[in-house]
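Here's a walk through a few helices and the loops that join them. Keep the picture open and find each part as you read.

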Amino acid sequence: MKKQDLPQDESNLKSANMTEVVYVTDENDNYTTANSIGWEAKKLALDESMALINERIEEARQNVADQIASPIIYFMELNKMDLSVLSAYVGIWQWRVKRHTKPKVFKTLSDTVLKKYADAFEITVSELKNFDGK
């Protein structure tokens, strides 16, 4: 893309007073960098991704409220993590983390284990234990 053709469309970057550095070609067709405040196609893709993430968070919240899943699922989705990422953060095998997402198992977890999850989610143990999805 030519430097002069670089879109400067309104996006979330502008509202955060930020720009994005992208590679472009100059008048001699040499690669260089330029700042952009965003472009429409990228904004649409990001908006769709965020809508999907918000759907997953809402579904997780509802599953906690219906006692189908433990609060770990909700906070995992809220923090945009998956089981492997959460497993790495808390230092617990992935199969055990998956097991902890079951409400019945979650209720038996010690405060030590809950503290690992709470630290990963940057909340308190009390917030984790008492989240009911409602």
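In this predicted model, helix α4 has Leu86, Ser87 and Val90 as its buried residues. Looking down the axis of α4, you'd find these buried residues within an arc of 105°, so they line one face of the helix. On the other side of α4 sit Ala88 and Tyr89, and those two are exposed. So what covers the buried residues of α4? The cover includes α3, α5 and α7. Right after α4 comes Gly91, with a positive phi near 70°.

Let's pick one of those covering helices, α7, and see how α4 meets it. Packed helices have a handy description: you give the angle between their axes and the distance between the axes. For α4 and α7, the angle is about 110° and the axes are 9 Å apart. An angle from 65 to 115 degrees counts as roughly perpendicular, and α4 and α7 are therefore roughly perpendicular to each other. As for handedness, α4 passes α7 in a right-handed crossing. The α4 side brings Leu86, Tyr89 and Val90, which meet Lys116, Tyr117, Ala120 and Phe121 in α7. Sort the residues of this contact by class and you get 6 nonpolar, no polar and 1 charged. Notice that Leu86 and Val90 belong to the buried set of α4, while Tyr89 is exposed.

Now over to α3, another helix that helps cover α4. Helix α3 runs through residues 71-78, and 7 of its 8 residues are buried, so you can call it mostly covered. Those buried residues are Pro71, Ile72, Ile73, Tyr74, Phe75, Met76 and Glu77. Which helices do they pack against? Here's the list: α2 (40-65), α4 (83-90), α5 (94-100), α6 (103-106), α7 (111-121) and α8 (125-130).

The pairing of α3 with α2 is worth a look of its own. The two pack at an angle of about 165°, with axes 8 Å apart. Anything over 145 degrees counts as roughly antiparallel, and α2 and α3 are therefore roughly antiparallel to each other. Their crossing is left-handed. On the α2 side, the contact is made by Arg56, Ile57, Ala60, Arg61 and Val64, and on the α3 side by Pro71, Ile73, Tyr74, Glu77 and Leu78. By class, that contact has 7 nonpolar, no polar and 3 charged residues.

Here are the two pairs side by side:

| Helix pair | Angle | Axis distance |
|---|---|---|
| α2 and α3 | about 165° | 8 Å |
| α4 and α7 | about 110° | 9 Å |

Stay around α2 and α3 for a moment and find Asn63, which is in helix α2. Is Asn63 buried, exposed or partly exposed? With a relative accessible area of 22%, Asn63 is partly exposed. From Asn63 to Ile73 is 10 residues in sequence, and the two are 8.7 Å apart in space, C-alpha to C-alpha. If you skip neighbours within four places in sequence, Asn63 is in contact with Ile68 and Ala69.

Ala69 turns up again in the surroundings of Thr101, a residue that touches Ala69, Ser70, Ile72, Ile73 and Leu83, not counting residues up to four places away in sequence. Thr101 is found in the loop between α5 and α6. Its relative accessibility is 11%, and buried means under 20%, so Thr101 counts as buried.

Last stop: two loop residues with an unusual backbone angle. Most residues other than glycine have a negative phi. Lys80 isn't a glycine, yet its phi is positive, about 55°. You'll find Lys80 in the loop between α3 and α4. At 54% relative accessibility, Lys80 counts as exposed.

Where is the other one, Glu122? Glu122 lies in the loop between α7 and α8. Again this isn't a glycine, and Glu122 has a positive phi of about 55°. Its relative accessible area is 73%, and Glu122 is exposed.

Conventions
Residues are numbered from 1 along each chain as its sequence is written. This is a predicted model: local features need pLDDT of at least 70, side-chain atom pairs count only at pLDDT 80 or more; totals for chains, interfaces and linings use all residues. Side-chain values use heavy atoms; hydrogens and water are left out. Buried means under 20% relative accessible area, exposed over 50%, partly exposed in between (1.4 Å probe, protein chains only). Helices (H or I, at least four residues) and strands (E, at least two) are DSSP runs, numbered from the N terminus. Contact means heavy atoms within 4.5 Å. Axes are lines fitted to C-alpha atoms, for helices over the stretch in contact, and angles run from 0 to 180 degrees between N-to-C directions. Angles under 35 degrees count as roughly parallel, over 145 as roughly antiparallel, 65 to 115 as roughly perpendicular and the rest as oblique. A crossing is left-handed if the near helix is turned anticlockwise from the far one by less than a right angle, and right-handed if clockwise. Ala, Val, Leu, Ile, Met, Phe, Trp, Tyr, Cys and Pro count as nonpolar, Asp, Glu, Lys and Arg as charged, and the others, Gly among them, as polar. The arc is that of the directions from the helix axis to the C-beta atoms.
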